[in-house]
Amino acid sequence: MAQRNLTEGRVWRALAHVSAPMSLGILAVLSVGIADAYFLGQLGSAPLAAVGFIYPITTALASLAIGLSAGANAAISQALGREDEPRDIYRLGFHALGLGLALAVLVAGFVTLTYSVIFGAMGAGDAVMTEIAAYMPLWALSFPFLVLLMITNAVFRAYGDAAYASIFMIVAALANIALNPLLIFGAFGFDGLGTEGAAAATLIGRVLAAAAGLYFAFRLGYLKRCGRLLEGARKSLSQIIPIGAPAAFSNAINPAGMALVTAAVATLGETAVAGFGAATRVQSVAIVVLLALSAGIGPVVGQNWGAEKRDRAQAAVIQSWLFCVAYGTLLALVLFVFSGPIASLIASDEDAASYTADYLQIVGLSLFGYGVLVTANAAMNARSKAVYSMSLSVARIFAIYLPLAWLGVLTFGYMGILGAAVIANVAGAAGAFYLCRRAGLLPERKDLRSVAVA
């Protein structure tokens, strides 16, 4: 077993050990969205606009899986830090997988029955809705496999083994991207499936990755038979659900909010939606390092909090934030200078590319704040303060971003929406500081320097 004790040694090394491999995995997964946009964009404006509508909804649903994995990660990492009985830790993993699979099947069924209503309410036209109808049923079928993959990855990360977790994410992405052109455009005498082919590629990639993840989890000893599977289920769920449910809601809030912001963008036309959607996908790739850091900080805080080494948990938060500010500054500069070429590469239409470039230049200035927000949320989840992270996400989206976005689009057009995003990111960082201090994840001011270099 490649378990790593994250309660010893330099804190920044522990963060890097878990976060660095995850950056590759997350980059691979997010690259699928870029690939979908690129290949479907070759089919015309309707498929590209469909991706703009689909992306925030599927990301919101995928975030439910991330939230459930956060609950599993927090419960298992804290149990490892407390040095609980191994069989109890194994049961936590099994019960998290069972819970996730049951909920995923329900969500998949709900999406299949209601997606036409959802996207119709968002303003999708008839041509775009035809493309959405070709994509969503197969995507819904792939959702339970995504949940299994994410929870299995959480088990690996809880043990401090992020390398395998990233490998399975890369497997899913590579299979998806490799199959995209074959299934979308056709090959070897077979006709292309168009938008439906992109969804089929996603399904195949997730099935392969979930199967590989579960196989290696058993082979490496992170999951083992531990007697009757349902034994201790109530105790396990009492540890997972209080973290997983708010964390799932918290993770789903941002992309769900983006769906509502997309509805505001839709008032400016489908070209604006295409440009806005392309920009958010580029942004997702640009902040991969910050997302990886949020994945890495969870097991570090969880193990150390379970072991009652609170100073190390605090050091992890401070050091992650310092990195967010440094990386965010560099990222803002790169996006400001190269927004034009990037936009032209991802958006085939010149007008859509203009919307994309404006987003990258302006919103890019505030992405450091989003990094602070997501790392704080992950740390609070690992600290069993998932309600705090949920409250922060709700306030950022529903009290700040959405109202300002709709007010902005009515007053200043597209630039009003971009200004709302900047304010929301900066305000989110301020809220993260306040709530982390309340959660005990920040040291007293007099101890700040010593903790920051721990």
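These exercises work through a predicted model, each with a stepwise solution.

**Exercise 1. Confidence**

Task: Find which element of the chain has the lowest mean pLDDT and which has the highest.

Solution:
- Start with the whole chain. Its average pLDDT is 84.
- Of the residues, 94% score at least 70.
- Now go element by element. Helix α15 (residues 448-452) has the lowest mean, 56.
- Helix α14 (residues 414-438) has the highest, 95.
- Where pLDDT is low, predicted coordinates should not be read in detail.

**Exercise 2. Cysteines**

Task: Work out how many disulfides the structure holds, and why Cys324 forms no such bond.

Solution:
- Take the cut-off. Two cysteine sulfur atoms must lie within 2.5 Å to count as a disulfide.
- Look from Cys324. The closest cysteine sulfur belongs to Cys436 and is 11 Å away, so the gap is too wide for a bond.
- Look from Cys436. Its closest cysteine sulfur is that of Cys324, again at 11 Å and too far.
- The count is 0 disulfides.
- Check the surroundings. Cys324 has 0% relative accessibility and is therefore buried.
- Cys436 also has 0% relative accessibility and counts as buried.

**Exercise 3. Helix α6 and what follows**

Task: Compare the reach of helix α6 with the span expected at 1.5 Å a residue. Then state what phi Gly221 takes.

Solution:
- Helix α6 covers residues 195-219, which is 25 residues.
- The expected span uses one less than the number of residues, times 1.5 Å. For α6 that gives 36 Å.
- From first C-alpha to last, the helix reaches 37 Å, close to the expected value.
- Just after α6 comes Gly221. Its phi is positive, about 90°.

**Exercise 4. A nonpolar patch**

Task: Name the residues that make the nonpolar surface patch of about 680 Å². Then decide whether Leu333 is buried or exposed.

Solution:
- The patch is made by Leu330, Leu333, Val334, Phe336, Val337, Phe338 and Leu365.
- Place one member. Leu333 sits in helix α10 (residues 310-346).
- Apply the cut-off. Exposed means over 50% relative accessible area.
- Leu333 has 53% relative accessibility, so it counts as exposed.

**Exercise 5. Sequence against space**

Task: For Trp12, Ala162, Gln314 and Val426, set a separation along the chain beside a C-alpha distance. Class each residue by accessibility.

Solution:
- Recall the classes. Buried is under 20%, exposed is over 50%, and partly exposed lies in between.
- Trp12 is in helix α1 (residues 11-41). At 42% relative accessibility, Trp12 is partly exposed. Ile297 is 285 residues away in sequence, yet the two C-alpha atoms are 9.9 Å apart.
- Ala162 belongs to helix α5 (residues 162-185). With 1% relative accessibility, Ala162 is buried. Between the C-alpha atoms of Ala162 and Gly25 there are 9.3 Å, for 137 residues along the chain.
- Gln314 is part of helix α10. Its relative accessibility is 14%, so Gln314 is buried. Leu442 lies 128 residues away in sequence but 5.2 Å away in space, C-alpha to C-alpha.
- Val426 falls in helix α14. A relative accessible area of 39% makes Val426 partly exposed. Ala439 is 13 residues away in sequence, while the C-alpha distance is 20 Å.

Key
Residues numbered from 1 in each chain as written. Predicted model: local features only at pLDDT ≥ 70, side-chain atom pairs only at ≥ 80, totals over all residues. Heavy atoms only, no water. Patch = residues over 30% accessible without salt bridge, like charges linked within 9 Å, V, L, I, M, F, W, Y side chains within 5 Å. Areas by Shrake-Rupley, 256 points an atom, 1.4 Å probe, with all protein chains shown as cover. Salt bridge = Lys/Arg side-chain N within 4 Å of Asp/Glu carboxyl O. Helix = DSSP H or I, 4+ residues; strand = E, 2+ residues; numbered from the N terminus. Buried < 20%, exposed > 50% of the residue type's maximum accessible area, 1.4 Å probe, protein only. pLDDT = per-residue confidence, 0-100.
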